[in-house]
Amino acid sequence: MAEEIVVGRGDPAYLAHAYLTKVPVPAITPFIEAYCPPGGVVVDPFAGSGMTGIAARITGRQARLSDISVLGRHIGSNYLNMVEGYEFTGAAQAVIKRAKDAVGKIYEVPCSGCGGNGQLAKTVWSVLVRCAGCEEPVNYYHSLEAAEWSKPKMICPHCSAHISSSLERVGEQPVVDYVNCACSPKQLEQPAVAAPRIDVDGLDFPHVEITPDREMYRASALGKSGYTTVASFYSPRNLRTLVALRDEIRSIEDRALSQKLLFAFTATLTRASKRYQWSHKRPLNAANQNYYIAPVFYEWNVFELFERKTTAVLKADEWIRGQAFTHNVDADSVPAEYVTESAAELSLPDASVDYVFTDPPFGSNLFYADMALFQEGWLDGFTDVGKEAVIDRSTGTKRTAGRYEALLTESLKQCRRILKPGGRISMVFGNSSGKIWAVVQRAVAAAGLRIEPEKIAILNKGQRSVKGLASGFEHVATLDLVLTMVPQDDAEASFKQPTAEAVAAATRELAGAAGPASPSHLYLELLRRALREGWGVADLSLQTATATLLDDGWSIDPKTGLMVEPE
């Protein structure tokens, strides 16, 4: 196994459906091939979107996936639900036609080019903010446009006070329409017409509240913005269209086709919402990690988005089959299943699986159940947040670091219990806090497992944080480690505490030997050194690790994000 696994995130399977965190399939297949015998059974108890299942299928191994996430199971099981392309395409076209008939001319708008009617491709919307000087409502987009797209130069047209996105939001207005019309081979850009008045009362849409007890309610300031229900993130026009599409998908009698179409539908939901960010240069897409709505956002034609996703879904199936073919495997014949259960309560028999590959939640980095509400509102059921292995950022809650450690420990014990003699467990983990890494260290030992030092690998998915570049160093780790473990009855739960001098010396040595590297890369190398040496890692945070280099005069290239040694 290589010391560092470098993969991209652009393969068709990865792109078919968004999820908070995904390990790309090409990063998982080398581990399965190395540690699971041909035809063996691979288990992932924190399966999320099911990438482990795809990797197992491609390599001809059976997969048994599980997670508490309703959304995760929906996504992961539909990656494994491979359909015939012509049947899926025919069903998708029929669904779209019937949904269009149901909503009528909902996206029809006057064309400025010919005076006739065209089809709306997308509308740019702007929030209205209350000016701090005169308290008049100001259209954010028009203020930005008047400032020649320079945010520091934005002023109120009434009193010339500075305008910013932090001001109170008091409304929304459409500002630009993009229209497809037979009169032009290119999409036309024109001033927006008023959005149609659509009565959504009585529609069967998700009446789902994002309540104040949710971590992402606080992190996304939903109380301030007023977007506290799933439905509030959609325009009435798009909400009506989504309901029509979902209803037609439900009417498909073939369950495999219906579920695959629902997979394309849920992949469309975020882009169809107000979370799709606009920028002057190019669309910024939507952040999956939070409920942020930018001051300028898109309202996209839902039918266009859905058609694109049905094409992407078929490409994913074709890619999986093609990758399996290169391994002399018929992807459609490899057994796989996805069940809903906690990693701490696996229903598998003792000594029944060959290999475990998993990617548990990284402490308080992400809150899967909170963000899954957006899709689960359209599905049947919600994730049980009481079972989620996360650490709340708020104080005084039940999901503490101690609870997280207990859940991770029990989950690893379950992995050990179901493992056949000679089997291994590989776990992906990433965090910038040494205290969270210490939790992992203790949980591994308490579960009766030992990390194989020579098999610790860095997983590089091509990510790079831009936080902290102004000060010279990142503050968020953007790489992960893959720890491979074996059972050991006398696993050591105590670790040597390194001196500050030893940590500084190791940091300088690694920085000098790494060549061009990011602070995250250096931090992962330091953690790998610590785990191999049996050091306690509680005090090895990303910031403390890079403090030595800052003191030594190191800097970072703002264009590449790589560390630069002092001359």
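**Exercise 1. The chain as a whole**

What percentage of the 567 residues of the chain count as buried? Work out, too, how the overall dimensions of the chain fit together.

*Solution.* Keep in mind that we are working with a predicted model.

Step 1. Start with burial: 56% of the 567 residues count as buried.

Step 2. Turn to the radius of gyration. A compact globule of 567 residues would have a value near 24 Å, and the chain has 26 Å, so the two agree.

Step 3. Picture the box around the chain. Along the principal axes, the C-alpha atoms fill roughly 80 × 60 × 45 Å.

Step 4. Ask how the chain is built up. There are 17 helices and 17 strands. Among contacts with a separation of 6 or more, 73% come from residues 24 or more positions apart.

Step 5. Finish with the surface. About 24,100 Å² is accessible, and carbon and sulfur atoms account for 50% of that area. As for charge, the chain carries 58 positive and 66 negative side chains, with the centres of the two sets 2 Å apart.

**Exercise 2. Looking for disulfides**

Decide how many disulfides the chain has, and explain why Cys-36 is not bonded to Cys-415.

*Solution.*

Step 1. Recall the cut-off: a disulfide needs two cysteine sulfur atoms within 2.5 Å.

Step 2. Apply this cut-off to the chain. The count comes to 0 disulfides.

Step 3. Check Cys-36 as an example. Its closest cysteine sulfur belongs to Cys-415 and is 14 Å away, so the pair is too far apart for a bond.

Step 4. Now look from the other end. For Cys-415, the nearest cysteine sulfur is that of Cys-36, again at 14 Å, and Cys-415 is in no disulfide.

Step 5. Add the surroundings. Cys-36 has a relative accessible area of 2%, so Cys-36 is buried. Cys-415 is also at 2% and therefore buried.

**Exercise 3. Positive phi outside glycine**

Find where Glu-135 and Trp-149 sit, and classify the exposure of each.

*Solution.*

Step 1. Take the backbone angles. Glu-135 is not a glycine, yet has a positive phi of about 65°. Trp-149, likewise a residue other than glycine, has a positive phi near 70°.

Step 2. Place them. Glu-135 belongs to the loop that joins strand E5 (117-130) to strand E6 (137-139). Trp-149 is in the loop between helix H6 (140-146) and E7.

Step 3. Classify them, with buried meaning under 20%, exposed over 50% and partly exposed in between. Glu-135 reaches 53% relative accessibility, so Glu-135 is exposed. Trp-149 has 28%, so Trp-149 is partly exposed.

**Exercise 4. Two loop residues**

Are Ala-182 and Asp-199 buried or exposed? Give their places and one C-alpha separation for each.

*Solution.*

Step 1. Locate Ala-182: the loop between strand E7 (169-180) and strand E8 (188-191) holds this residue. Asp-199 is found in the loop between E8 and helix H7 (215-219).

Step 2. Read the accessibility. Ala-182 has 87% relative accessibility and therefore counts as exposed. Asp-199, with a relative accessible area of 56%, is exposed.

Step 3. Set sequence separation beside distance in space. Ala-182 and Cys-111 are 71 residues apart along the chain, and their C-alpha atoms are separated by 9.7 Å. For Asp-199 and Leu-284, 85 residues apart along the chain, the C-alpha separation is 30 Å.

**Exercise 5. A helix residue and a strand residue**

Which residues do Arg-528 and Val-170 contact, leaving aside neighbours within four places in sequence?

*Solution.*

Step 1. Begin with Arg-528, which is part of helix H16 (residues 519-533). Its relative accessible area is 2%, so Arg-528 is buried.

Step 2. List its partners beyond four places in sequence: Glu-3, Ile-456, Ala-457, Ile-458 and Leu-481. The C-alpha atoms of Arg-528 and Arg-450, 78 residues apart along the chain, are 14 Å from each other.

Step 3. Move to Val-170 in strand E7. At 34% relative accessibility, Val-170 is partly exposed, because this value falls between the two cut-offs.

Step 4. With residues up to four places away in sequence set aside, Val-170 touches Leu-128, Val-129, Arg-130 and Pro-137. Val-170 and Ser-225 are 55 residues apart along the chain, with 9.3 Å between their C-alpha atoms.

Terms used. Residues numbered from 1 in each chain as written. Heavy atoms only, no water. Helix = DSSP H or I, 4+ residues; strand = E, 2+ residues; numbered from the N terminus. Buried < 20%, exposed > 50% of the residue type's maximum accessible area, 1.4 Å probe, protein only. Rg over C-alpha atoms; globule rule 2.2 N^0.38 Å. Contact = heavy atoms within 4.5 Å. Areas by Shrake-Rupley, 256 points an atom, 1.4 Å probe, with all protein chains shown as cover. Lys, Arg positive; Asp, Glu negative; His and termini not counted. Charge placed at Lys NZ, Arg CZ, Asp CG, Glu CD.
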